[in-house]
Amino acid sequence: MEDPPLLQRCYFSSFLLVLVIQGLLVNGARSEVYTVGDSEGWDTGIDYGVWSHNYNFSTGDILIFKYVKSQHNVYEVTESTYRSCNSSSGVLDAYDTGSDRVTLKEARKHWFICDVGGHCLGGMRFGIDVSRGSTNGSPHGGAPSLQAQPPPSTPDGPDTNNNGSSKLKSAGPRGWTLLFCIVAWVRLVDLFPK
Ligand SMILES: [Cu+2]
């Protein structure tokens with residue numbers, strides 16, 4: 001049975017809407033805020049390798065560096081600068097307010113150091129691997145799984161349903177789909193007002 005073109009377009013728009021909702025759930029609702037060093041903050045004498053291994057970071061998460069202003073600072077650097085602690089090059093961003101918020105926007109490795117005299121070589125540095133916000137969010141726990149429901153089975157064998165009710169049943173879901181599609185179109189127009 002061929003679907004009319006309008007209905008086909010509506011199936012597609014419904015699919016898009018589901019993607020938008022899923023994107024909002026994954027990237028919006030599940031971002032986390034991490035205080036670097038937890039209660040100890042950003043300071044000397046702390047093993048940030050141990051700290052960073054306690055968490056899995058995703059895009060949209062936020063790092064907060066807490067320290068006494070002018071005693072430390074925060075540089076986001078390249079890997080080679082992280083390894084050498086030589087900040088004459090490879091500095092991507094610099095913060096020095098004492099309460100710096102860094103949003104992890106990109107899915108890649110991020111490297112942070114303190115550039116105040118010798119602190120980087122002394123251990124005030126760490127690297128984290130930021131993954132794209134995804135549905136395998138084990139660190140956040142209890143992620144709602146948005147697995148696609150299997151389509152309602154339509155009996156096509158002569159043995160399963162002999163009373164001819166399948167034709168009647170098929171009209172119902174299509175009507176609902178059409179209604180849902182109209183709502184989906186309205187929502188999509190609202191979301192993308194171009
Ligand atoms: Cu420092």
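Author: Let's start with a definition: two strands pair if DSSP finds at least two bridges between them. Helices (H or I, at least four residues) and strands (E, at least two) are themselves DSSP runs, numbered from the N terminus. With that in hand, E7 and E8 are an antiparallel pair joined by five bridges. This is a predicted model, where local features need pLDDT of at least 70 and side-chain atom pairs count only at pLDDT 80 or more, while totals for chains, interfaces and linings use all residues. Residues are numbered from 1 along each chain as its sequence is written.

Reader: Fine. Which residues are bridge partners in E8 for histidine 110 and phenylalanine 112?

Author: As background, strands of a sheet pair through backbone hydrogen bonds, either parallel or antiparallel. Here, histidine 110 has isoleucine 128 of E8 as its bridge partner, and phenylalanine 112 has phenylalanine 126.

Reader: What is the strand order in the open sheet of five strands?

Author: The order is E2-E8-E7-E4-E5, and the pairing is mixed. Strand E2 (57–58) and strand E5 (91–95) have a single partner strand each, so one side of each is left without a neighbour in the sheet. Further in, E4 and E7 pair in the antiparallel sense over three bridges, with tyrosine 75 opposite isoleucine 113 in E7.

Reader: And the open sheet of three strands: what is its order?

Author: Read it as E1-E3-E6, again with mixed pairing. E1 and strand E6 (99–103) are the edges; each has a single partner strand, so one side of each lacks a neighbour in the sheet. From one strand to the next the twist averages 20° (axes are lines fitted to C-alpha atoms, for helices over the stretch in contact, and angles run from 0 to 180 degrees between N-to-C directions). E1 and E3 run parallel, joined by three bridges, and tyrosine 34 stands opposite leucine 63 in E3.

Reader: Take valine 33 in E1: is it buried or exposed, and why?

Author: Count the neighbours: a residue is buried if 20 or more other C-beta atoms lie within 10 Å of its own, exposed if 12 or fewer, and partly exposed in between, with C-beta atoms placed from the backbone. Valine 33 counts as exposed because it has 10 C-beta neighbours inside 10 Å. Valine 33 sits in strand E1 (residues 33–35), and its C-alpha is separated by 4.7 Å from that of isoleucine 62, 29 residues apart along the chain. Contact means that two C-beta atoms, placed from the backbone, lie within 7 Å. Not counting residues up to four places away in sequence, valine 33 touches Ile62 and Ile64.

Reader: Where should I look for the largest nonpolar core?

Author: The general idea is that in soluble globular proteins, nonpolar side chains tend to be buried together. A nonpolar core is a set of buried Ala, Val, Leu, Ile, Met, Phe, Trp, Tyr and Cys residues joined through C-beta atoms within 7 Å. The largest one here has 19 residues, and those with the most contacts inside it include Trp42, Phe65, Tyr75 and Phe112. Look at strand E3 (62–66), strand E4 (74–77), strand E7 (109–113) and strand E8 (125–131), the elements that give two or more residues to this core. E4 gives the largest share, three residues.

Reader: What does tyrosine 75 contact, leaving aside its neighbours within four places in sequence?

Author: Tyrosine 75 is in contact with Ser87, Val91, Ala94, Phe112, Ile113 and Asp115.
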